[in-house]
Amino acid sequence: MTLADTHVPDPGFGPRDDLRHWPAEAGGRMRDSLFYEMIMPDERLGLQVYLYLTAHGRAGFNVSVWSPDTEPLALDLDGGSVPEDMDLDDFRLKGLSIRQPELRRTAEVTYESEKVRLEYRFDAVQDAFSYRSNPDGLPEWFAQNRLEQTGRVSGFLEVGGRRVEWDRRMGHRDHSWGNRDWGIPHHWKWFVAYTDSGNAINGWIWIAGGEWGFAGSVLKNGVTVPVSHIEHKATYHDDMSQKRLEATLVDTAGGRTEVTFDRFALIRLPTNDKMATEIWESACDATIDGEAAAGQWETHWSRDYLNHLVASRNR
């Protein structure tokens, strides 16, 4: 079987699913979240923009830029309310704006504050991929559906007295919708890596309810193949922050893709949810089958469990 022959199961989303979602019943709950990122090993920088929006109009976002320094260069947290007729193809909230001129293909994100200014124009290099297309599927506690997509990014970033220009540099985005139950997962690793040549991988390893599962895809030579499972070994520093991840993504065509992540910068995102969730994002020097890549490796922990792990490593 060749990659081109590989069947990708129905992702379960339609052409308008990059827009805002609504509950099945009036007054019900629904939540969308959008995420845009870029890791820049040559600049020793990581960037992400995250937005959530509920069906009742409550919205919040973070714009984060981090480096090997102890403190992030920017960690802007803000939010507010938006009107019912504001959708995700032309969204504005305080300094953040998001436009999607061609749904599931292009996006234009701009942001401006006292600390950071950016223009992020995304042009997809693959069709949007859903974790529903993986053999383990997408667990209901995580989302109703989710699309992941790698692309080329043009624009700029201004932060900390620096200006970085982007000319079709690789980046990644996702869009989830549905209500997430943060109390169910014990732990997860989510990661993405991409090369200048246009190859990319995305992986998700989760442990929940005593079970584990895998999701993600491999993009090689313009062909996207779902991941079947992921063999992996992670190492951590004494504070349980990410150090190195070695993984083999075994795809549904039987291919094996070797990836490594070595952290060069870390940001711990503040969360106030009742489950005391910790989300830590690392910017990494990465490789895909030995080719230099940029990578982001996220870990999810329950705070009590994480604190116990750290204490046990330091006895």
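Modeller: Before we start on this predicted model, a word on terms: helices and strands here are DSSP runs, with at least four residues for a helix and at least two for a strand, numbered from the N terminus.

Colleague: Okay, so what does the secondary structure of the protein chain come to?

Modeller: The protein chain has one helix and 19 strands.

Colleague: And how does its radius of gyration fit with a compact globule?

Modeller: For 315 residues, a compact globule would have a radius of gyration near 20 Å, and the protein chain has 19 Å, so the two agree. The C-alpha trace spans about 50 × 45 × 40 Å along its principal axes, and buried residues make up 56% of the chain's 315 residues.

Colleague: Which feature does UniProt place at residues 181-301?

Modeller: The UniProt record, which is an unreviewed entry, gives "domain: DUF7064" for that span. In the model, residues 181-301 are 74% strand and 0% helix, and the C-alpha atoms at the two ends of the span lie 14 Å apart.

Colleague: Which strands close into a barrel, and in what order?

Modeller: Eight strands do, in the order S12-S13-S14-S15-S16-S17-S18-S19, with antiparallel pairing. From one strand to the next, the twist averages 25 degrees.

Colleague: Where does helix H1 pack?

Modeller: Helix H1, residues 303-313, packs on the sheet, where it touches strand S15 (223-236), strand S18 (277-288) and strand S19 (291-302), and its direction makes about 105 degrees with that of S19.

Colleague: Back to the strands, then: over how many bridges do S12 and S13 pair?

Modeller: Strand S12, residues 185-194, pairs with strand S13, residues 200-208, over nine bridges in the antiparallel sense. Within this pairing, Phe 191 stands opposite Gly 203 in S13.

Colleague: Now a single residue: is Thr 299 buried or exposed?

Modeller: Thr 299, which has its place in strand S19, counts as buried because its relative accessible area is 0%, and the cut-off for buried is under 20%.

Colleague: Which side chains does the side chain of Thr 299 make polar contacts with?

Modeller: One polar contact is with the side chain of Gln 242, at 3.3 Å, and another is with the side chain of Trp 301, at 3.4 Å.

Colleague: And which residues does Thr 299 touch, leaving out those up to four places away in sequence?

Modeller: With that exclusion, Thr 299 touches His 187, Trp 188, Tyr 236, Gln 242, Glu 278, Ile 279 and Trp 280.

Note on methods
Residues are numbered from 1 along each chain as its sequence is written. This is a predicted model: local features need pLDDT of at least 70, side-chain atom pairs count only at pLDDT 80 or more; totals for chains, interfaces and linings use all residues. Side-chain values use heavy atoms; hydrogens and water are left out. UniProt positions are given in the numbering used here, feature names are shortened, and annotations may be inferred rather than shown by experiment. Two strands pair if DSSP finds at least two bridges between them. Axes are lines fitted to C-alpha atoms, for helices over the stretch in contact, and angles run from 0 to 180 degrees between N-to-C directions. Contact means heavy atoms within 4.5 Å. Buried means under 20% relative accessible area, exposed over 50%, partly exposed in between (1.4 Å probe, protein chains only). A polar contact is a pair of N or O atoms within 3.5 Å; within protein, one must be able to donate a hydrogen and the other to accept it, and residues adjacent in sequence count only if both atoms are side-chain atoms. The radius of gyration is taken over C-alpha atoms; the globule rule is 2.2 Å times the number of residues to the power 0.38.
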